[in-house]
Amino acid sequence: MVLVLIGIAIGVILIAVLIIKAFKTSSKDIVGMDIRCKKCGIKTNGLACPKCEKKSKSFGV
């Protein structure tokens, strides 16, 4: 019975945190995507940057 009450309390706290985060974020925010490359600033729309990706990491081979 105690474990059920602890589970319910954790669930309520988690839901409250998620609701607060949903109200604080702007409606124009894109979740989990960077529009621009962090290194060069080219617009990538969340994809790999073609300019920075060309640098091969083949250890000189």
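Here is a chat between a biologist and a modeller about a predicted model.

Biologist: Let's start with the overall picture. How many helices and strands does the protein have?

Modeller: There are 2 helices and 0 strands. Of the 61 residues, 7% count as buried. The protein exposes about 6000 Å², and carbon and sulfur atoms supply 68% of that.

Biologist: What makes you say that α1 lies largely in the open?

Modeller: Buried means under 20% relative accessible area. Of the 23 residues of α1, the number that are buried is 0, so the helix lies largely in the open.

Biologist: And what span does α1 reach, against what is expected?

Modeller: From its first C-alpha to its last, α1 reaches 33 Å, close to the 33 Å expected at 1.5 Å a residue.

Biologist: L5 is in that helix. Why is L5 called exposed?

Modeller: Exposed means over 50% relative accessible area. L5 has 51%, so L5 is exposed. L5 also helps make a nonpolar surface patch of about 550 Å², along with M1, V4, I8 and V12.

Biologist: Now the cysteines. How many disulfides do you count?

Modeller: The count comes to 0. A disulfide is a covalent bond between the sulfur atoms of two cysteines, and the cut-off here is a pair of sulfur atoms within 2.5 Å.

Biologist: How do you know that C37 is too far for a bond?

Modeller: The closest cysteine sulfur to that of C37 is in C40, at 3.7 Å. The cut-off is 2.5 Å, so that pair is too far for a bond.

Biologist: What about C40 and its nearest cysteine sulfur?

Modeller: That sulfur belongs to C49 and is 3.5 Å away. Set against 2.5 Å, that doesn't pass, so C40 is in no disulfide.

Biologist: Are C37 and C40 buried, exposed or partly exposed?

Modeller: C37 has 15% relative accessibility, under the 20% limit, so C37 counts as buried. C40 has 33%, in between 20% and 50%, so C40 is partly exposed.

Biologist: Then K39, in the loop between α1 and α2. Why does K39 count as exposed?

Modeller: K39 has 74% relative accessibility, and the bar is over 50%, so K39 counts as exposed. The C-alpha atoms of K39 and C49 are separated by 9.1 Å, with the two residues 10 apart along the chain.

Biologist: R36 is in the loop between α1 and α2 too. Which residues is R36 in contact with, leaving aside its neighbours within four places in sequence?

Modeller: Those are G41, I42, K43 and T44. They count as contacts because their heavy atoms come within 4.5 Å of those of R36. As for G46, 10 residues from R36 along the chain, the C-alpha atoms of the two are separated by 7.4 Å.

How values were computed: Residues are numbered from 1 along each chain as its sequence is written. This is a predicted model: local features need pLDDT of at least 70, side-chain atom pairs count only at pLDDT 80 or more; totals for chains, interfaces and linings use all residues. Side-chain values use heavy atoms; hydrogens and water are left out. Patches are made of residues with over 30% relative accessible area and no salt bridge: like charges are joined within 9 Å, nonpolar side chains (Val, Leu, Ile, Met, Phe, Trp, Tyr) within 5 Å. Accessible areas come from the Shrake-Rupley method with a 1.4 Å probe; for residues, only the protein chains shown count as cover. A salt bridge is a side-chain nitrogen of Lys or Arg within 4 Å of a carboxyl oxygen of Asp or Glu. Helices (H or I, at least four residues) and strands (E, at least two) are DSSP runs, numbered from the N terminus. Buried means under 20% relative accessible area, exposed over 50%, partly exposed in between (1.4 Å probe, protein chains only). The expected span of a helix is 1.5 Å times one less than its number of residues.
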